Amino acid sequence: MNHWRPSLTARTCYTAGVSSPLPHPLVRTPEEWREALVRLGERPFRATQVFQAIHRRNVRDAREITDLPVSLRDRLFEEGLRPVLEVDTERRSTDDTRKLLVRFADQATVETVLIPAVSGPGSVAAQSTDKDEDADASSVDDDDEPAAVRRVTQCISTQVGCAMGCVFCASGVAGLKRHLAPEEIVGQVLEGRARLDEGEELRNVVLMGMGEPLHNYDATARTLRILSHREGIDLSSRRVTVSTSGLVPEIDRLGQEFAGQVTLAISLHATTDEQRSALMPINKKYPLAELLAALRRYPLPKRRRFTIEFTLVAGQNDDVPEARRLAALLRGIPVKINLIPMNPIEASTLAPPDRTGVLAFQKILLDAGYACFIRRRRGDDVSAACGQLALLGAKPRPRRPFAAGEPES
Ligand code: SAH
Ligand code: SF4
């Protein structure tokens, strides 16, 4: 039976007889559940029961919480405790990366990607020295993990399209259609967990899908609080990575509100304002000096690092002087650098550099003492780059150089 129904937003989610709104059931904290249930005349202990059913047992439909009285199940279902999305397409890559195109009540679609850890010679995981710190799409081995567990990183979207207009990005070219509600963001994680293979465990969540998370700050912040709640999924904040094109006031706010605990990935992509503004219009508002100053004042805990994402575009930001400037620019900031050979998009003739150029760029940064990785293009055969599946209407794309599974450094 398809239980999928239109999503209730915080504004429409009222409980009987009381006018102040509560957040959507999928993103209520246990405290907010207590309030909601008391308003319904229920006993407060049910709050933990309902929260854990959703976030530990992954139940997204109130009618499936069988340890609740039937009348309460029906009531919660009517109030919105039911799926807020349906999976339009699931495509599995040869490297077991799974890309889901999910559809919301208004027919808007975004993508979310499940990326199992890889190990073995040549993998990013095998090379990383960041034992417990790394939380990006190339997650690392943990010594305390039983060998049988396969760690999975999930990449989620925060907006339909994106307003930032980066010229190499399919979401940017499409423009912003709308923000996602927090339940639509958390809903992607619940759906992803439901689709893990036997022996897999969700270990990292990266907000690196479609959209700019810090442009949708409130929904992003609630997502972070729900995912890291100890009574729920309990993902430590360091295992949740927010990737941003550099919205300085929101970086400051995130740093303060989460005490620097959330892992931050910065999409830098250029080392001069002229070049960065050409690739990323947001740089005109928050130029490089302001962005780097925000990183320097971010309350980063000891032994933690920022991830610097640097998408390499042939003829734009991939030459030797650029690499040297990057090394100089980041001096004194705790970072690791991920080089991402640009994934071609249909709307642009921009292209990645050839492999020799990418390796030469990396070598300069390694020689300068940085941890620097070339990001594998995981799931390339299912269009697992930013924004692509949603914009292609789930049509397959041909494989390109740096294909999935190929060691790159
Ligand atoms: N808006 C956020 C998060 C989503 S984009 C941000 O920009 O950080 C996630 C990452 O994918 C960013 O580093 C972005 O620069 C990169 N990206 C977008 N389009 C790409 C493409 N065509 N090829 C390679 N990387 C791309
Ligand atoms: Fe938006 Fe990020 Fe794409 Fe830029 S790279 S357009 S900020 S999603």
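The exercises below, each with a worked solution, concern a predicted model of a protein.

Local features are described where pLDDT is at least 70 and side-chain atom pairs count only at pLDDT 80 or more, whereas totals for chains, interfaces and linings use all residues. Residues are numbered from 1 along each chain as its sequence is written, and side-chain values use heavy atoms, with hydrogens and water left out.

**Exercise 1. The protein as a whole**

State how many helices and strands the protein has, and what percentage of its residues is buried.

Solution. Begin with the secondary structure, which comes to 14 helices and 12 strands; these are DSSP runs numbered from the N terminus, helices being H or I runs of at least four residues and strands E runs of at least two. Next, apply the burial criterion, in which buried means under 20% relative accessible area, exposed over 50%, and partly exposed in between, with a 1.4 Å probe and protein chains only. By that criterion, 60% of the 409 residues are buried. The exposed surface amounts to about 16100 Å², of which carbon and sulfur atoms supply 52%, the areas coming from the Shrake-Rupley method with a 1.4 Å probe. Finally, consider contacts (heavy atoms within 4.5 Å): among those between residues at least 6 apart in sequence, 69% join residues at least 24 apart.

**Exercise 2. Helix H7 and its surroundings**

Explain why helix H7 (residues 217–227) can be described as largely enclosed by the rest of the structure, and identify the elements against which its buried residues pack.

Solution. First, count the buried positions: 8 of the 11 residues of H7 are buried, so the helix is largely enclosed by the rest of the structure. Second, name them: Tyr-217, Ala-219, Thr-220, Ala-221, Thr-223, Leu-224, Ile-226 and Leu-227. Third, list their partners, which are helices H2 (46–55), H6 (182–194) and H8 (248–257), together with strands E7 (200–207) and E8 (240–244).

**Exercise 3. Two helix pairs**

Characterise the packing of H6 with H7 and of H8 with helix H11 (residues 288–297) by axis distance, crossing angle and contacting residues.

Solution. Two packed helices are described by the angle between their axes and the distance between the axes. The axes are lines fitted to C-alpha atoms over the stretch in contact, and angles run from 0 to 180 degrees between N-to-C directions. Angles under 35 degrees count as roughly parallel, over 145 as roughly antiparallel, 65 to 115 as roughly perpendicular and the rest as oblique.

For the H6 and H7 pair, the axes come within 8 Å and cross at roughly 40°. That angle makes H6 oblique to H7. The contact is made by Pro-182, Ile-185, Val-186 and Val-189 of H6, and by Ala-219, Arg-222, Thr-223, Ile-226 and Leu-227 of H7. Sorted by class, this contact has 7 nonpolar, 1 polar and 1 charged residues, where Ala, Val, Leu, Ile, Met, Phe, Trp, Tyr, Cys and Pro count as nonpolar, Asp, Glu, Lys and Arg as charged, and the others, Gly among them, as polar.

For the H8 and H11 pair, the axes come within 10 Å and cross at roughly 5°. H8 and H11 are therefore roughly parallel to each other. Val-248, Ile-251 and Asp-252 in H8 meet Glu-290, Leu-291, Ala-294 and Arg-297 in H11, and the contact divides into 4 nonpolar, no polar and 3 charged residues.

**Exercise 4. Individual residues**

Place Thr-158, Glu-309 and His-269 in the fold, and classify the accessibility of each.

Solution. Take Thr-158 first: this residue is in the loop between strand E4 (150–155) and strand E5 (159–160), and it is buried, with a relative accessible area of 0%. Beyond its neighbours within four places in sequence, Thr-158 is in contact with residues including His-179, Ile-185, Met-210 and Thr-220.

Glu-309 lies in strand E10 (residues 306–312) and is buried at 5% relative accessible area. The C-alpha atoms of Glu-309 and Asn-338, which are 29 residues apart along the chain, are separated by 5.0 Å. Among the contacts of Glu-309, leaving aside neighbours within four places in sequence, are Ser-243, His-269, Asn-338 and Arg-375.

His-269 is placed in the loop between strand E9 (263–267) and helix H9 (273–279), and at 4% relative accessibility it counts as buried. The backbone deserves a separate step: most residues other than glycine have a negative phi. His-269, although not a glycine, has a positive phi of about 70°.

Terms used. Chains lettered and ligands numbered in written order.
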